[in-house]
Amino acid sequence: MAEKFDNLEEHLEKFVENIRQLGIIVSDFQPSSQTGLNQKLNFMITGLQDIDKCRQQLHDINVPLEAFEYIDQGRNPQLYTKECLERALAKNEQVKGKIDTMTKFKSLLISELAKVFPEEMAKYKAIHGDDPPT
């Protein structure tokens, strides 16, 4: 899979370099540079075709739209991944806290119910196990 990305990256780098060179030719255009301009335009077309071929190899890759928004804003798309992981870790801690609280509540509830309804709680413990979670 990595070679597919490497291939795409190589084609994109060549394409960007051709665009850069094309910009230089156009910014200081002289009639004598028409041949070079035509050549760079042809390289650009070939580069787009090569990129399109790579696209067909990577059709099953899904990129979140938010990552493109990061790129549009001039931010590093790896920051998107980092922030997603940070949000997931924070949510994980939050859910873990809720689970711990509910486990403690269940234990306390069973303990208190056993004081008030000892016979019923004995039946409950026989069905669900006699050691309540702590």
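**Pocket lining and helix packing**

Q: How do the residues of the lining of the largest pocket divide into nonpolar, polar and charged?
A: In this predicted model, the lining holds eight nonpolar residues, no polar ones and no charged ones. The residues in question are Phe-5, Leu-8, Leu-58, Ile-61, Val-63, Ala-67, Phe-68 and Ile-71. Phe, Leu, Ile, Val and Ala count as nonpolar, so the lining of the largest pocket is described as eight nonpolar residues. The space in this pocket is about 300 Å³.

Q: Which helix gives the most to the lining of the largest pocket?
A: Helix α3 does, with three residues. Both α1 (2-27) and α3 (65-72) supply at least two residues of the lining.

Q: What does each domain contribute to the lining of the largest pocket?
A: Domain 1 (1-61) and domain 2 (67-133) each provide at least three of the lining residues. The centres of domain 1 and domain 2, taken over C-alpha atoms, are separated by 51 Å.

Q: Why are α1 and α2 called roughly antiparallel?
A: The axes of α1 and helix α2 (residues 34-57) cross at roughly 160°. Angles over 145 degrees count as roughly antiparallel, and α1 and α2 are therefore roughly antiparallel to each other. Their axes come within 9 Å.

Q: Why are α3 and α4 called oblique?
A: Helix α4 (residues 77-116) packs against α3 at an angle of about 135°. Roughly perpendicular ends at 115 degrees, and roughly antiparallel applies over 145. The angle of about 135° falls under neither term, so α3 and α4 are oblique to each other. The axes of α3 and α4 are 8 Å apart.

Q: Which hand does each crossing have, left or right?
A: α1 and α2 cross in a left-handed sense, whereas the crossing of α3 and α4 is right-handed.

Methods: Residues are numbered from 1 along each chain as its sequence is written. This is a predicted model: local features need pLDDT of at least 70, side-chain atom pairs count only at pLDDT 80 or more; totals for chains, interfaces and linings use all residues. Side-chain values use heavy atoms; hydrogens and water are left out. On a 1 Å grid over the protein atoms alone, a cavity is a set of points where a 1.4 Å probe fits but cannot get out, and a pocket is an open set with protein on both sides within 12 Å along at least five of seven lines; lining residues have an atom within 4 Å of a point. Grid points are joined across faces, edges and corners, and a volume is the space filled by probe spheres set on the points. Helices (H or I, at least four residues) and strands (E, at least two) are DSSP runs, numbered from the N terminus. Domain bounds come from an automatic or database domain assignment. Axes are lines fitted to C-alpha atoms, for helices over the stretch in contact, and angles run from 0 to 180 degrees between N-to-C directions. Angles under 35 degrees count as roughly parallel, over 145 as roughly antiparallel, 65 to 115 as roughly perpendicular and the rest as oblique. A crossing is left-handed if the near helix is turned anticlockwise from the far one by less than a right angle, and right-handed if clockwise.
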